[in-house]
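Please open the model in your viewer and keep a selection tool at hand. The tour below proceeds by selections, each followed by a description of what should come into view.

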Amino acid sequence: MFGEKVIELLKESERNRETLDQYNDEKIRQIIEEMHVLFKLNMNDANATTENKSLWTTVQVRHSALERNKRCLLAYLYNRMNKIKILRWEFGSVLPPDIRELLSDAEYDWFSKYSTNLATYMRSLGQDIGYNGIDLTENLRPPKSLNIEVLCLVDYGKLELEDGDVIMLKKNSTHFLPTSECQTLIRQGILKQIT
Amino acid sequence: MFVEDIKNDFYNTLLGNRVLLLVHYDVDAVCTCKILQDLFKCDNILYTLVPVGGISDLKTAYEENNEEIKFVVLVNCGGTIDLVDILQPDEDVIFFVLDSHKPTDICNVYSDGQVRLVYKDDEENIPNFDDIFRDDEDEEEADENLQGADRLEAMVERRRDRKAWEERRHTLMFNYTQFSYYGKPSSCVALELAVRASRNNAAALWAGAVGCAAHSALYLRPPAQCLLDAEPLNRCLNAQSHSTTAHVVVEKDAWLPLYRWWSVEGALSHASFFTPKLKLHASSGASRLRQLLADMGFPLQQARQAYRSMDVELRRCLLSALETAAPKHKLPIPTRPTFLLHKPHSPPMAALDAVYAIMALIEHETLPKAVGFQKALSALQVNGENEPLKVGITAARRSLEAVARLAHSTLSSRGLLLAGPFNYFIVQEGTSEAGLVRGPLWLGEAARWIATATSGARPILASAPLPDGQCLLLGLPPRYDQEPRNLFGAAFEQAAQKSGISVVLDYVDTSVIVLPTSQRTQFLDALTALLA
Amino acid sequence: MANNYLSISDILVSNEKVPCRFLHDLPKLGFLDPSCTEEDLKAGTSVEIPLWLAESLSSRRPPLVAVDLPKVYKETYREIFNADACTVDLHKLAQYFFELGCYVAKYDIKGEVATTLVNTFRQRFKMILSASVSTDSINALQPLSSSERDRTASAMASEKALSTWLKRGDSLLTTANMVANHRKRKRAEMEML
């Protein structure tokens, strides 16, 4: 049957809707190969239609399959792109190595460009009113207090605060820190806010 | 050096600075920490909080976090050791010590400002400065201008003088350090600070009440002292406006652990100061308990079901029934004034229950200590749903049951062994109790239980297995319920020196030590020889 | 549906099989009918083919296939749905009941499929909405179709968001979604090892 491999690919990605999977190089290569074969068969049969009119129908079926495969592959890439966009907002501009290796080279290029674009845009914000840029990834929820209490979930190491103080973030230590300093770390799952 | 004014000299110094808060794993410390945290939050004092289990923990915690830190607050740890010597801090670092462990190390007392003790206990007989510190160099110089025989004489004179002084110093120091004991709960001191800062809200009062209850439930202080300690707390309670939100009150209540979350029978058979007198471990124990319930007028069916769903009439007369029935069986009266937290639309919560819940969270069977500590802190919150507290109460019930099982089996199978001047018992490795009764808090509870069951005239040692072939050894003084001064701290130290066994004296409470299980018998022998 | 071109769920819907009858001979495509042994597919054979293929072939001039209704949209099942849609196990019966229904409704000239779909949706939506208020009743629901599950999840999420908002007015900062999920997955993988 046509287009079965590509469906496997999509089902895999649909199963893990909340996470990004490894870019499936091997399967995509196979699918493209399948498309090449279909295309070649169609070329031959299309040339032969002058003798055998009924071959037209076959050509049409194959052509539908080709279009179907194309659509599925595009959808696969498009969905990954959306997830990669989220990665930039949630993990920040530097991806942890285990996430980085899930992306193909082209995807990583795209990520870098998107990241640069976003950074340029954020820098340009508010210049007319005297700010040099606004970090849009901060304060996704309105901050309610200047400082918050956070629990450290992993051995992170040293964190330098804006005022130059250095704080050692060790697992299970509690800190009372300025909200602005912790937000990114909370979103990255290194700190956890406690009441 | 002692802080004169707790607000100006302690709290106001911290304002605007980053503070390192090192807190010991015990109930009073958790309560203190809660009060301080709330204060710090109000004044935007940035802090880093690290719970510490012992002296080595304290050292690593300080070394890891001391960068850019100029102020360190120690809660229930560090007072009994020479901080400057052990932590080797930079000169401009200041330590504030709020420690209810006593006696306070003499170097901390006479530190010239680097170590500041937040609270001065009048009960402590701290030796005078001149009696323990002496500057010899000045005297040498003063003698230079003397000649010949005069000089010789002066030297002999001085030596004799010095020897006498040294002997005197030794006696003084010996008297000062021979007993380890507890002072006023740190949470009461912290509460006073909150009052001075006009922030004595319900949360602070509740934390203070739980801290107070901890000292009396764990018999860390003589009963009379406990009452005196709670005096400032009572004053605050009176001043408290009777609001419709959460508030703390003093009421007469049954001094039975967790009975609101248990059944009456369950609570009666798991109270360490009360149940041992029923001798439940003996074959006649069960019938004695039934007799008591009958005298109270409680049908067994009612006494066995959850207190929450018990007959309302019975719930109402529980206190009076206990008071009339207990003396008939020559039992202590299990009611006394206690702190209760009243919350709208929920049953009252006794400070005693919170004490046990926090204990169970800190020394939880499965939770790592540091996680338990965080949960214990949030169990103290007074508003809203309190999930950690429920976890703690469930765990406390399990631990209390384990303590009771352990005590019963020890008593009925002659597990309590005699060794010269003291009795001792050992929690066997691999038993179901060993998992729950493994920290000093619950082991202490078991030791008190057994001491009460055996009239408590003799000191008791308790030992529980730890991983890696180590074991915990804990000493309970005789008549612990009246005079909780503990001589085992000094005794352990000496016995360790004499026997040459590698004992780990890491706990802040010196009457708790860790040693290799294989050398336990040897150590106990050395201790017997020492105390005999 | 042009705007669904990149939607994975729409692709999965169009992968569902529908029964079709071929109106023309198809040389070399015998493999489309698993029971066929010859190389060519003869006109008149009935085969179940994916919806996407059926759609594209039937829309050609002249159409290559005649599309029939899948059995869940036939008279017998329609009666069940119209009687009480809430008792049907859609998870087993038709994962993409509503979406597939939207595609095939046009092959039903009488328009009864469309009415059944609307009816079924109305009944089941009411059930999901009332169940999503509490977590206990969610588990008591009949297994749901895939889009219903998504709908339930978002209903519960918004219910939860509403109640936290009502309670506190603000909420704690939390770990970002994908970060948390990646970490969870990593932990699960570690445990597997």
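What follows is a walk through a predicted model, from contacts between chains to domains and then to pairs of helices.

**Chain A against chain C**

Begin by selecting chain A and chain C together, where 34 residues of chain A are in contact with 34 residues of chain C. On the chain A side, at least two residues each are supplied by helix H1 (4-15), helix H3 (55-91), helix H4 (97-100) and helix H6 (179-187). If you colour by helix, look to H3(A), because as many as 17 residues, the largest share of this side, come from H3(A). Colouring the side of chain A that touches chain C by residue class instead should give 13 nonpolar, 12 polar and 9 charged residues.

**Chain A against chain B**

Keep chain A and replace chain C with chain B, so that the next contact is the one on display. This contact takes 15 residues from chain A and 17 residues from chain B. Which elements of chain B each supply at least two residues of the side that touches chain A? They are helix H2 (27-42), strand E2 (47-52), helix H3 (55-65) and helix H19 (369-379) of chain B. By class, the side of chain B that touches chain A comprises 7 nonpolar, 5 polar and 5 charged residues.

**An annotated stretch of chain A**

Now select residues 144-194 of chain A, which an unreviewed UniProt entry lists as "domain: DNA replication complex GINS protein PSF1 C-terminal". Over these residues the chain is 18% helix and 43% strand, and the C-alpha atoms at the two ends are 14 Å apart.

**The domains of chain C**

Move to chain C, for which the domain assignment gives domain 1 (15-68) and domain 2 (71-193). Taken over C-alpha atoms, the centres of domain 1 and domain 2 of chain C are separated by 33 Å. The contact takes 4 residues from domain 1 of chain C and 5 residues from domain 2 of chain C. On the side of domain 1 of chain C that touches domain 2, there are 3 nonpolar, no polar and 1 charged residues.

**The domains of chain B**

Select chain B next, which is divided into domain 1 (129-177), domain 2 (241-404) and domain 3 (414-531). The centres of domain 1 and domain 3 of chain B, again taken over C-alpha atoms, are separated by 41 Å.

**Two helix pairs in chain B**

Stay in chain B and select helix H10 (residues 202-217) and helix H12 (residues 231-239), whose axes come within 10 Å and cross at roughly 150°. H10(B) and H12(B) are therefore roughly antiparallel to each other, and H10(B) passes H12(B) in a left-handed crossing. Showing side chains here, you will find that B:Leu205, B:Gly208, B:Ala209 and B:Cys212 in H10(B) meet B:Leu233, B:Cys236 and B:Leu237 in H12(B). By class, this contact has 6 nonpolar, 1 polar and no charged residues.

For the last stop, select helix H14 (residues 285-296) and helix H17 (residues 318-328) of chain B, whose axes come within 8 Å and cross at roughly 135°. That angle makes H14(B) oblique to H17(B), and their crossing is right-handed. The contact is made by B:Leu292, B:Asp295 and B:Met296 of H14(B), together with B:Ala321, B:Leu322, B:Ala325 and B:Lys328 of H17(B). The residues of this contact divide into 5 nonpolar, no polar and 2 charged.

How values were computed. Residues are numbered from 1 along each chain as its sequence is written. Chains are lettered from A and ligands numbered from 1 in the order in which they are written. This is a predicted model: local features need pLDDT of at least 70, side-chain atom pairs count only at pLDDT 80 or more; totals for chains, interfaces and linings use all residues. Axes are lines fitted to C-alpha atoms, for helices over the stretch in contact, and angles run from 0 to 180 degrees between N-to-C directions. Helices (H or I, at least four residues) and strands (E, at least two) are DSSP runs, numbered from the N terminus. Angles under 35 degrees count as roughly parallel, over 145 as roughly antiparallel, 65 to 115 as roughly perpendicular and the rest as oblique. A crossing is left-handed if the near helix is turned anticlockwise from the far one by less than a right angle, and right-handed if clockwise. Two residues are in contact if their C-beta atoms, placed from the backbone, lie within 7 Å. Ala, Val, Leu, Ile, Met, Phe, Trp, Tyr, Cys and Pro count as nonpolar, Asp, Glu, Lys and Arg as charged, and the others, Gly among them, as polar. UniProt positions are given in the numbering used here, feature names are shortened, and annotations may be inferred rather than shown by experiment. Domain bounds come from an automatic or database domain assignment.
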